[in-house]
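Welcome! Keep the model in view and work through the exercises below at your own pace.

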Amino acid sequence: MIASIALRRGLARWSKHWVLLASTCLTPLAAAPASADDFGLDEPAAEGSAADSSKEKPESDKPVTVNEAGMAVGYQQGSSGMYGRFSGSDKAGMVSKGWVHLEDRTVKKDDGTFFVTFDARNIDLGSHELLEDGEARLKMGQQGTWTARLNYQGTPYIETDNYHTLFRSDGSLQNGLAAKSINTTSTNAAGIARASQYLAVEQVGTRRDRVDGSFSYKGIANWNFTTKIDHEHKQGTKSNSFMFINNNYFAAFLEPVQYDTDRITATAAYTRKLFQAQLSYVFSSFTNTQQQWVGSSPFIGTTRANYTGSQYSLPPSNTEHMLKGEAGLNVGTYGRLNLNTRVSAQIQNESYTARYYEAGTSRVDGTHYDGLIQNHFANLVYSDRLANDWTVKAAYTVDHRDNNSPSYTLSPSYRGDTGTATWNGSGGIKTVTPYSFLNQSAELESGYRLTKDTRLSGTFTHTDKQREYSVTNRNTEDRGELKVRSAFGKDVSADFSVGRAFRDAQDYNGNLGWNYVGRTTTVERELSHYNYTDRLQDQVKGSVTWAIQPELSLTGSVSYTDNNYPDVVYGVTKDHFLVSSIDVGYTPVSGINTHLFYSYQEVGSALEINSSSANNGVDWKLQTSDDIHTVGTGVEWQLNPKLKLSLDDSLSFARTTYGITSRQRNTASPTATNTGTDLPDTLTIQNSLRLSGEYEVEDGITLGLTGQWEHLMSKDYLNVQEAASTSNTTSQTVLISGTGDPSYDVGVLMATAKIKW
């Protein structure tokens with residue numbers, strides 16, 4: 001009753017301010033703070049009940065009201081799915097949106113301690129609906145006793161707005177294309193021309209709508225009980241490709257997305273000065289009402305008895321039960337012991353569906369999957385200060401996945417690989433095996449303070465990974481790292497670290513995956529998976545911060561990782577990663593702040609592969625390099641206490657290069673018919689320029705004007721192709737994923753106003 005009266009009083013107090021919203025403006029909503037109910041054990045918790053994040057000590061007995069609201073009206077010139085990829089703003093034209101923050105709490109002793117806050121951003125003022133990336137949050141409670149929350153978030157993702165495909169998302173053919181009407185047995189050019197005239201341009205992307213609510217009760221000393229329920233709906237499409245009968249016939253299609261995820265969490269936390277513990281139960285459910293996508297074949301070459309198309313399996317519905325336990329214990333003066341454990345059961349029991357072209361025929365030995373995976377995880381960490389200058393930390397982690405799902409057999413697909421050289425026996429049988437693993441790691445870290453401003457630390461980690469039904473049944477890795485951190489006077493601080501790791505893949509057999517399903521050929525035996533095989537890794541990291549003068553500062557960092565795979569004959573033999581940046585801040589005069597930054601990123605790899613298992617085959621080498629240069633500048637000028645101007649500009653240049661060479665096996669050079677030709681470089685240039693100004697008309701009322709221009713230029717040899725291409729042999733028509741040129745020019749001009757009361 002008290003809470004209800006306080007809520008009505010707070011809402012009534014807000015109502016007189018709604019008339020001001022018509023003249024208010026849009027300003028980005030601050031990122032949501034971490035939930036007060038989150039339980040962290042990295043540091044000791046305070047004794048007694050955990051304080052609510054909204055609890056503050058009042059400076060006076062007057063009610064505290066800090067409310068803000070705003071709106072923005074503007075125009076967007078140009079549109080692109082790439083520009084609006086994460087915001088959903090892919091349409092040109094007028095834009096109007098608003099945001100609001102409302103807060104009320106009582107602080108007088110006789111008025112209780114009820115509080116309520118409401119936040120919303122990206123409110124569409126035209127349709128009175130939340131935009132694609134809108135958010136709303138409501139929070140209320142009694143300080144120190146209970147807290148309730150209700151949140152909504154919309155998250156868009158636009159993969160592309162010019163995807164070329166022959167199919168609708170339901171599997172039917174576009175633009176009147178009849179099933180099995182494209183003649184692939186004529187010529188490549190004729191087949192491609194036949195297919196291209198039916199291609200449709202579609203937008204590909206998804207939208208997530210998430211609603212969650214929670215209630216936390218802290219009315220019992222040292223205890224906190226929390227219940228949380230959230231629901232997420234995801235819908236849309238994503239790009240994919242599909243093969244009909246064999247790899248001579250495949251095409252791009254839109255995979256339908258229609259998912260619902262529900263999660264219920266119940267938590268009890270106990271907090272004392274020396275000991276903290278938390279126990280949680282989590283139930284999650286994933287539902288996909290569509291089990292498969294069925295596509296009609298457009299190719300004449302796929303004509304066989306009863307065959308009109310094929311189906312693609314979609315993610316199955318499943319559930320999970322999880323029990324989590326966390327505990328922290330303070331040991332002695334500086335010691336800390338943390339334990340984090342969880343056990344879970346993942347259940348998936350959807351029924352099998354008959355193949356689209358073999359109605360009524362079961363191809364597996366069962367009617368449903370009856371899958372069950374049990375997971376066990378534990379992490380134990382102890383840290384302590386052994387002496388004034390010595391610290392030590394030890395940790396052990398075990399992660400066990402026990403797959404108790406049944407192993408079942410599957411007859412061959414309609415493609416019908418019947419040769420004994422390809423599959424065991426006539427017709428062959430594929431056996432699906434339940435994959436399990438046991439991962440363990442032990443870590444020891446020690447630190448020593450050499451001087452007042454210099455600290456040296458070292459870390460050693462041993463990891464052991466055991467797998468079933470994998471190309472290697474065991475990997476072990478030893479990793480060591482040394483780090484030094486120092487301050488050189490009061491103006492310069494720096495840190496530097498070096499690390500080395502060696503991974504040992506025991507009994508590696510790259511062809512084992514094929515062997516498990518009955519394939520006996522040995523072509524792939526020397527092709528290694530680089531993420532499973534032996535690896536030698538070297539890492540170097542460093543950073544520096546330098547206050548050159550009171551008005552001039554510099555920060556910089558660099559990180560380099562080099563990987564070599566010594567036992568790889570064919571596959572990725574080495575790769576490297578480089579990330580570096582520098583930022584300079586300068587204040588030439590009071591009121592003007594400037595900064596200039598530059599960053600460079602590089603990823604390089606070397607791949608080697610053979611054309612055949614014959615002794616006189618050809619070895620191909622591919623060297624790839626991706627590098628990104630980004631430079632930017634920013635200026636902020638406070639002309640006077642009421643007027644502020646800012647200018648930001650960033651320019652990025654990205655390039656991918658390919659180097660292809662070939663060599664006739666057992667010779668020094670390639671044959672004339674096997675000479676590698678480099679692919680064209682791909683180039684991407686992006687520039688973003690933003691100019692804005694804010695003027696405070698009077699206390700609490702601010703007007704603003706913002707202009708932004710963004711340009712993207714993409715030069716890729718694939719951009720000039722539709723979703724049709726030729727293959728290496730004649731009399732085949734191949735349809736590939738067809739995303740057109742993503743380049744764009746977009747300009748936005750927004751007038752804003754903001755009020756605070």
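A contact here means heavy atoms within 4.5 Å. With that in hand, we can start on this predicted model.

**Exercise 1. Find what share of contacts join residues at least 24 apart in sequence.**

Step 1: Take the contacts in the protein chain between residues at least 6 apart in sequence.
Step 2: Of these, 66% join residues at least 24 apart.
Step 3: For the setting, note that the protein chain has three helices and 33 strands, and that buried residues make up 37% of its 757 residues.

**Exercise 2. Decide where the coordinates call for caution.**

Step 1: Begin with the whole protein chain, where the mean pLDDT is 81 and 75% of residues reach 70 or more.
Step 2: Look for weak stretches: pLDDT stays under 50 over residues 1-64 and over residues 721-735.
Step 3: The model does have contacts beyond four places in sequence for both stretches, 119 for residues 1-64 and 45 for residues 721-735.
Step 4: Even so, predicted coordinates should not be read in detail where pLDDT is low.

**Exercise 3. Locate the largest nonpolar core and the residues that touch the most other members.**

Step 1: The core has 15 residues, and those touching the most other members are Leu166, Phe167, Leu177, Ile182 and Trp293.
Step 2: Zoom in on Leu177: leaving aside residues up to four places away in sequence, Leu177 touches Leu166, Ile182, Tyr198 and Pro298.
Step 3: Another core, of seven residues, lies apart from the largest one and includes Ala72, Tyr744, Val746 and Val748.

**Exercise 4. Work out whether each partner of the Glu232 and Arg208 salt bridge is buried or partly exposed.**

Step 1: In this salt bridge, the closest N and O atoms are 2.7 Å apart.
Step 2: Place the partners: Glu232 is in strand S7 and Arg208 in strand S6, 24 residues apart, so the pair links distant parts of the chain.
Step 3: Buried means under 20% relative accessible area. Glu232 has 18% relative accessibility and therefore counts as buried.
Step 4: Arg208, at 33%, counts as partly exposed.

**Exercise 5. Name the residues of the nonpolar surface patch and the strands that supply them.**

Step 1: Phe215, Tyr217, Ile220, Trp223 and Phe225 make a patch of about 450 Å².
Step 2: Strand S6 (200-217) and strand S7 (223-243) each give two or more residues to this patch.
Step 3: Check one member: Phe225 lies in strand S7 and is partly exposed, with a relative accessible area of 32%.

Definitions and conventions: Residues are numbered from 1 along each chain as its sequence is written. This is a predicted model: local features need pLDDT of at least 70, side-chain atom pairs count only at pLDDT 80 or more; totals for chains, interfaces and linings use all residues. Side-chain values use heavy atoms; hydrogens and water are left out. A nonpolar core is a set of buried Ala, Val, Leu, Ile, Met, Phe, Trp, Tyr and Cys residues joined through side-chain atoms within 4.5 Å. Buried means under 20% relative accessible area, exposed over 50%, partly exposed in between (1.4 Å probe, protein chains only). pLDDT is the predictor's confidence in each residue, from 0 to 100. Patches are made of residues with over 30% relative accessible area and no salt bridge: like charges are joined within 9 Å, nonpolar side chains (Val, Leu, Ile, Met, Phe, Trp, Tyr) within 5 Å. Accessible areas come from the Shrake-Rupley method with a 1.4 Å probe; for residues, only the protein chains shown count as cover. A salt bridge is a side-chain nitrogen of Lys or Arg within 4 Å of a carboxyl oxygen of Asp or Glu. Helices (H or I, at least four residues) and strands (E, at least two) are DSSP runs, numbered from the N terminus.
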